[in-house]
Amino acid sequence: MNQTVVSYLAQYEFFDFLVAIFKNNQSLLSFLIYLIFALLIVGMCATIGGLGTYAERKISADIQARIGPNRVGPYGLLQFLADGVKMIIKEDIMPATADKMLFYLAPLLCLTGVFATLAVLPFAGGFIMTDLNVGIFYLVAISSLVGVGVFLGGYASNSKWSMLGGMRGASQIISYEIPVTISILAITLLAGGMGFGTIVSNQGGLPHQWFMFHNPFAFLATFVYFVGALAETNRAPFDLPEAESELVSGYHTEYTGMRFGFFALAEYIEVFVVCGVATALFLGGYNIPGLDIDILPLQAIQFTIFMTKTLLLYYVVIWIRWTFPRLRVDQLMSICWKYLTPIAIFNLVGCAIWMVAFNGKSIAELVFGSH
Amino acid sequence: MMSLASYLIISMVLFVVGLMVMIARKNIVAILLGIELILNAAALNFVAYSRYVTSNLDGHIFSLFIIVVAAAEAAVGLAIVIRFFQIKETIHVDEATQLRN
Amino acid sequence: MFLQFLFISSAILTLACTVAVLVTKNLMHSCVFLLGTLVGMAGLYATLGADFVAVTQIMVYMGGVVILMLFAVMLTGGKDFVSRAQNLLGLPASMGNKWTYSMGIFVGVVFILTNVKLLSSIIKTTPTKTIGNDFPSTVTQLGHLLVKDHVLAFEISSVLLLGALVGAAIIARPRKQN
């Protein structure tokens, strides 16, 4: 049985009280709890995606010694709302020779692929929609829908820029899925399970208990995962599918209004998701340092810890974008196939050997004895 | 509603449509689509029987291997299609009349 | 309740997209409908309690096979897509003509009749009760089965995948035309 947010809440007494209110109709109650949590998570992540555009502009301005958006709201904080309203009221233009069905479908596929991953993202011990026992595998699988969306977006627009951007995007996403998945596989070896609950609870709050510092191979796997994730989300320095100087704006050149907004939103939320996955897999997840109990009021602290780590990684992603120049296409592919994939396979084998040789003990446990 | 029979009927429809796609289409890629449908119908049958008739997971293993074989088949098949297109400039299946080249 | 809903919606998605694969005129749309079929199949696996198979289905087909097929369609466009329409249904030449379609429908009808004859005896004795508890985790058991009972098939499939990888790369590599 998978642990879900409902089964987590059911351990507490007030759940019986809620069941009594709903006249023992437990399935309706579970449905309502799922609905509320789904709306909460989607709303929160959509806001984070929106604030991501603001953060991107503000941080880039900081790096380039400019001021950045500062007109709408305090410190320009409401800029993303203004942008959103602008996108909604813009005219929705479709090229005359576009493939109508696929043109409408592509942004929705992107958005679906990203939002479906939020179901298994572990925000806190109980604040996780459903702790599937194939959690991380599900996340990797469902996020490959983004690749189909990008490809179809490029094809359906019937424009050369879009076509090139879409083909680059799809080939980049399916290539970089390999090192990312193999790095994740190394971590599932260490954790002994694919569910996010298992993975996070096998780590601790302090850095020496994280999987990142479990052994040298896992340390390398962290960086392989992070570089691969940057490429999978089409972020700089791997933003070839939407390289402005060559392809205008890549696969979403022909999209206007809210359809373009869907692509942009999907991209920013996907960055958040891959940062959250990196936090859960390598950086200890929501574990509170030095505290091993799990009660309801601590959920807020766990949530804060998770969000702090994730948003720090988010900052690093934006920082990288405004620091490094873009790669060439051949360099992109040779980095994936000649460097990252062999390193990732080496890490996987190394982790397996480490688990056998040292009986699953981490470096810290070997050096300082069991903690 | 949910019984072995309904899964068998769905699987039958998938198989028949896959067969019809293979016969009706003249495009090699479309024929490969039909093969995928047929393989999926077989995999669904295995999992359904493993759920309703036997009590072990051998059916799951079989469908996993079917998925693996389907992926390998798609990769090699599409490579052949692309090579065929480089030579003949078409992927009409009636043009594939010689084994050489 | 939830399972019934999931079953009905996945079955409708699967069947509708399957029929659409057959009747649509555009090969690109065919591939996208195939994607719908495969996602619906993953939902059906989920209703059968096969969580690992369902996710593998999504992973392999959505992330691999369908994108590969879309690439193949795009790389082999050529003159087949210039409309050499052959009357019935106004299909492009490579999407079949009335002879192939009537042949396909004939074979389909024969197959359906045969299957109905076979299924009708099965349906009378069909078990509607599932075996085992509702949703056990299959991941651990599958892992044990793969490296114990079915280890030979597992290794052979890894050799098959390696062969397919090398073979596909060799077949599709660019060569000088002579």
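These are my notebook entries on a predicted model with chains A, B and C.

**Which chains touch**

I started with the chain pairs. Two pairs of chains are in contact, and chains B and C share the most contacts. I looked for a contact between chain A and chain B and found none; their closest C-alpha atoms sit 14 Å apart.

**Chain B against chain C**

I pulled up the B/C contact next: chain B puts in 59 residues and chain C puts in 77 residues. On the chain B side, H1 (4-24), H2 (28-52) and H3 (58-88) each supply at least two residues. Which helix gives the most to that side? H3(B) does, with 20 residues. I sorted the chain B side by class and got 45 nonpolar, eight polar and six charged residues.

**Chain A against chain C**

Then I went to the other contact, where 24 residues come from chain A and 20 residues from chain C. On the chain A side, H5 (100-117), H6 (135-142), H7 (145-156) and H8 (160-191) each bring at least two residues. H7(A) has the largest share there, six residues. By class, I noted 18 nonpolar, four polar and two charged residues on the side of chain A that touches chain C.

**Chain C overall**

I counted six helices and zero strands in chain C, so to speak a plain α-α-α-α-α-α when read along the sequence. Of its 178 residues, 35% are buried. I also checked the contacts in chain C with a separation of 6 or more: residues 24 or more positions apart account for 46% of them.

**H1 of chain C**

I wanted to see how the length of H1(C) works out. H1(C) covers residues 2-23, and at 1.5 Å a residue its 22 residues should span 32 Å; the end C-alpha atoms are 32 Å apart, so that agrees.

Which residues of H1(C) are buried? I listed C:Phe7, C:Ser10, C:Ala11, C:Thr14, C:Cys17, C:Thr18, C:Val21 and C:Leu22. Looking down the axis of H1(C), I see these buried residues fall within an arc of 150°, so they line one face of the helix. An α-helix has 3.6 residues a turn, so residues three or four places apart point the same way. On the other side of H1(C), I found C:Phe2, C:Gln4, C:Phe5, C:Ser9 and C:Ile12 exposed.

What do the buried residues of H1(C) pack against? I found H1 and H2 of chain B, together with H2 (27-47) of chain C.

**H4 and H12 of chain A**

I moved to a helix pair in chain A. The axes of H4(A), residues 79-89, and H12(A), residues 257-282, come within 6 Å and cross at roughly 135°. Angles over 145 would count as roughly antiparallel, so I put H4(A) and H12(A) down as oblique to each other. A:Gly84, A:Met87 and A:Ile88 make the contact from H4(A), and A:Gly257, A:Met258, A:Phe260 and A:Gly261 make it from H12(A). I get four nonpolar, three polar and no charged residues in that contact.

**A:Tyr255**

Last, I looked up A:Tyr255, which sits in the loop between H11 (244-247) and H12 of chain A. Is A:Tyr255 buried or exposed? I found 25 other C-beta atoms within 10 Å, so A:Tyr255 is buried; the cut-off is 20 or more. Leaving out residues up to four places away in sequence, A:Tyr255 touches A:Pro107, A:Phe260 and A:Phe263. I also took the C-alpha to C-alpha distance from A:Tyr255 to A:Thr53: 18 Å in space, with their positions 202 residues apart in sequence.

Definitions and conventions
Residues numbered from 1 in each chain as written. Chains lettered and ligands numbered in written order. Predicted model: local features only at pLDDT ≥ 70, side-chain atom pairs only at ≥ 80, totals over all residues. Contact = placed C-beta atoms within 7 Å. Helix = DSSP H or I, 4+ residues; strand = E, 2+ residues; numbered from the N terminus. Nonpolar A, V, L, I, M, F, W, Y, C, P; charged D, E, K, R; others polar. Axes fitted to C-alpha atoms, helices over the stretch in contact; angles between N-to-C directions. Parallel < 35°, antiparallel > 145°, perpendicular 65-115°, else oblique. Expected span 1.5 Å × (residues − 1). Buried ≥ 20, exposed ≤ 12 C-beta atoms within 10 Å, placed from the backbone. Arc of directions from axis to C-beta.
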